[in-house]
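Me: I am new to reading protein structures, and I would like to take one part slowly rather than rush through the whole. Could you take me through a single helix and the residues that surround it?

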Amino acid sequence: MSTDLSSELQGLSVFVVEDEALVALNLEDMLIDLGCIIVGPAMRVARAREMLADALQADVAILDVNVAGELVFPVAEELATKGIPIIFATGYGQAGLPEAWHGNTILQKPYTMDDVSGSLVKAVRRS
């Protein structure tokens with residue numbers, strides 16, 4: 001990763017919604033290595049919504065599309081109303097999203113550190 005990208009991500013607060021503990025831990029490690037501040041993670045949609053109701057502050061969000069069998073789109077809608085850029089993490093690519101969300105950044109599972117950093121930069125620059 002270039003120095004420009006790493007400096008762009010330093011201190012970026014990232015709200016993570018992911019139900020798989022190992023995936024969440026791996027993503028947290030990557031985000032820490034990139035200099036980001038982790039908000040969460042929320043491992044259930046209900047918990048994510050509680051965090052949002054408690055005035056959650058984040059620069060960007062990485063949302064697993066299917067969280068313990070529940071779709072994450074109600075959380076995405078709340079984030080969108082707050083103007084927080086959204087990255088959808090999914091193994092299904094854009095085809096796994098309703099058309100209304102096709103303009104958002106996709107983080108294709110399984111992902112690497114370069115995938116995570118690239119999607120963060122893309123989402124933040126797009127906002």
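Reply: What follows is a close look at helix α4 and at the aromatic residues linked with it. Please keep in mind that this is a predicted model.

Helix α4 covers residues 73-81, and within it Phe-73, Val-75, Ala-76 and Leu-79 are buried. When you look down the axis of α4, these buried residues fall within an arc of 150 degrees, so they line one face of the helix. The general background is that an α-helix has 3.6 residues a turn, so residues three or four places apart point the same way. As for what that face meets, the buried residues of α4 pack against the strands β1 (13-17), β3 (60-64), β5 (70-71) and β6 (86-90), and also against helix α3 (45-53). After α4 comes Gly-83, which has a positive phi, near 80 degrees.

One of these buried residues, Phe-73, deserves a second look. A search of the whole structure finds three aromatic pairs. Phe-73 and Trp-101 form a stacked aromatic pair, with 6.3 Å from centre to centre and 15 degrees between the planes. This pair links distant parts of the chain, since Phe-73 lies in helix α4 whereas Trp-101 lies in the loop between β6 and β7 (105-108), 28 residues apart. Both Phe-73 and Trp-101 are buried, and together with Phe-88 they form one aromatic cluster.

Technical notes. Residues numbered from 1 in each chain as written. Predicted model: local features only at pLDDT ≥ 70, side-chain atom pairs only at ≥ 80, totals over all residues. Heavy atoms only, no water. Buried < 20%, exposed > 50% of the residue type's maximum accessible area, 1.4 Å probe, protein only. Helix = DSSP H or I, 4+ residues; strand = E, 2+ residues; numbered from the N terminus. Arc of directions from axis to C-beta. Contact = heavy atoms within 4.5 Å. Phe/Tyr/Trp six-rings, centres within 6.5 Å; stacked < 30°, edge-to-face > 60°.
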